[in-house]
Amino acid sequence: MSASDAEAVAVLSAGGLVILPTETVYGLAADAGDARAVAAIFEAKGRPRFNPLIAHVADAVQAGAVAVFDGRAQALAEAFWPGPLTIVAPVRDRTGVCDLARAGLDSVAVRVPGHARARALISAFGRPLVAPSANRSGRPSPTTFADAVEETGFAAGAALDGGACAVGVESTVVSVLDGRVTLLRPGSVTREELEAVVGPLDRGGEGHRSPGRLTLHYAPDAPVRIEAQTVRDGEILLGFGPGAGDPRWSLSPSGDLREAAANLFRRLREADRERPSGIAVSPIPAQGLGEAINDRLRRAAGFVG
Ligand code: TXA
Ligand code: MG
């Protein structure tokens with residue numbers, strides 16, 4: 001059952017964890033400044049402690065108290081917040097987002113979620129909330145209330161139902177450090193959209209500065225086979241576009257990338273429950289939101305790095 005905001009604030013104030021809806025995926029939230037509560041998140045998820053968390057704030061003013069934003073970080077915040085963009089910048093407040101939440105780094109990841117219920121809770125609580133995706137580490141992120149409760153509800157003192165997540169893949173993560181803007185995790189704010197605001201992204205150490213990118217991720221139990229042209233015996237095909245397999249399992253029968261992103265993790269979970277010999281996925285275009293979808297699929301299929 002869904003808790004009220006007041007119940008969730010009481011749980012957070014007492015050092016407990018809350019299942020939090022966002023527009024991307026459901027999160028497992030705690031007071032960012034409470035090291036014991038943050039430790040409970042790592043414990044519940046089975047998440048390695050070298051992998052830092054995102055601080056969720058209500059607005060750009062609160063973000064400015066947490067992190068040091070240069071002109072380009074500010075431009076990104078203005079263009080995409082509230083919304084599915086996480087900005088990694090030098091940390092300003094080391095106690096408001098504790099060392100454990102940052103995995104000891106001098107930088108901090110910050111975002112203003114697009115989901116009104118998430119912002120309302122952060123405002124009511126009054127301080128930043130860290131919230132990783134509410135899955136146990138290595139599993140697909142939950143995009144419905146029921147899936148979130150199934151994954152980590154055992155560890156939460158309250159759970160807020162915000163409906164199905166509209167975006168369906170985790171936020172885009174960019175770092176704005178030493179004057180360079182680097183894409184650390186593709187998401188629904190696309191590379192093209194970022195470059196329209198800040199110019200060409202730095203291609204140097206791409207993917208190397210986000211510790212969470214080092215681990216196997218998003219994997220259901222069944223083996224996942226990507227860019228499948230045919231279906232093998234006992235496999236379920238997650239199709240994309242007209243005529244690709246059973247429309248009931250399709251990521252998007254019309255070939256729409258937004259729809260495919262919104263369906264991705266839910267379909268992976270549903271397919272997995274059927275205990276198939278494997279999950280095959282049709283080829284997905286590489287551009288735009290396709291970069292994030294292909295990234296998650298490659299990880300689900302076991303290609304790490
Ligand atoms: O959409 C989302 O971002 C969801 C919802 C709940 O907000 N949250 C989410 O959190 O996906 P999580 O913990 O699953 O992913 C956070 C990512 C990880 O890859 C982590 O390594 C990276 O952000 N990250 C966090 N702080 C960082 C930092 N200081 N430097 C580099 N990467 C960082
Ligand atoms: Mg995650």
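Reader: Why is helix H9 described as mostly covered in this structure?

Author: In this predicted model, nine of the eleven residues of helix H9 (residues 290–300) are buried, where buried means a relative accessible area under 20%, exposed means over 50%, and partly exposed covers the values in between, with a 1.4 Å probe and protein chains only. The buried residues of H9 are Gly290, Ala292, Ile293, Asn294, Asp295, Arg296, Leu297, Arg299 and Ala300. Helices here are DSSP runs of H or I with at least four residues and strands are runs of E with at least two, both numbered from the N terminus.

Reader: Which elements do the buried residues of H9 pack against, and what follows H9?

Author: These buried residues pack against E9, E10, helix H8 (257–273) and strand E12 (278–281), where contact means heavy atoms within 4.5 Å. H9 is followed by Gly302, which has a positive phi near 100°.

Reader: What rules govern the numbering and the values?

Author: Residues are numbered from 1 along each chain as its sequence is written, while chains are lettered from A and ligands numbered from 1 in the order in which they are written. Because this is a predicted model, local features need pLDDT of at least 70 and side-chain atom pairs count only at pLDDT 80 or more, whereas totals for chains, interfaces and linings use all residues, and side-chain values use heavy atoms, with hydrogens and water left out.

Reader: What makes the pair of Tyr26 and Phe145 tilted?

Author: Rings of Phe, Tyr and Trp (its six-membered ring) pair if their centres lie within 6.5 Å, with planes under 30 degrees apart counted as stacked, over 60 as edge-to-face and the rest as tilted. Two aromatic pairs satisfy this rule. In one of them, Tyr26 and Phe145 are 6.3 Å apart centre to centre with 55° between the planes, so the pair counts as tilted. Tyr26 sits in the loop between strand E1 (18–20) and strand E2 (27–31) and Phe145 in helix H6 (residues 145–152), so that the pair links parts of the chain 119 residues apart. Tyr26 counts as buried because its relative accessibility is 0%, and Phe145 counts as buried at 15%.

Reader: How do you know that Phe69 and Trp81 form an aromatic pair?

Author: Their ring centres lie 5.9 Å apart, and with 45° between the planes the pair is again tilted. Phe69 is in the loop between helix H3 (60–66) and helix H4 (71–80), and Trp81 is twelve residues away in the loop between H4 and strand E4 (85–90). Phe69, at 15% relative accessibility, counts as buried, as does Trp81 at 11%. The peptide bond from Trp81 to Pro82 is cis, with omega near -10°, and Pro82 lies in the loop between H4 and E4.

Reader: What makes the phi of Asp178 noteworthy?

Author: Most residues other than glycine have a negative phi, and most peptide bonds are trans. Asp178 is not a glycine, yet its phi is positive, about 50°. This residue lies in the loop between strand E8 (172–177) and strand E9 (180–185), and at 69% relative accessibility Asp178 counts as exposed. Glu227 also has a positive phi, near 50°, and is found in the loop between strand E10 (224–225) and strand E11 (235–238).

Reader: How many disulfides are there, and are Cys98 and Cys165 buried or exposed?

Author: A disulfide is a pair of cysteine sulfur atoms within 2.5 Å, and by this rule the count is zero. Cys98 counts as buried at 8% relative accessibility, and Cys165 counts as buried at 6%.

Reader: Why is the protein chain called as compact as a globular protein of its length?

Author: The protein chain has nine helices and twelve strands. Its radius of gyration is 19 Å, close to the 19 Å that the globule rule gives for 305 residues, so the chain is as compact as a globular protein of that length; the radius is taken over C-alpha atoms, and the rule is 2.2 Å times the number of residues to the power 0.38. Buried residues make up 58% of the 305 residues.

Reader: Where do the domains lie, and how many residues are in contact between them?

Author: Domain 1 spans 5–209 and domain 2 spans 224–300, with bounds from an automatic or database domain assignment. Their C-alpha centres lie 26 Å apart, and 25 residues of domain 1 are in contact with 15 residues of domain 2.
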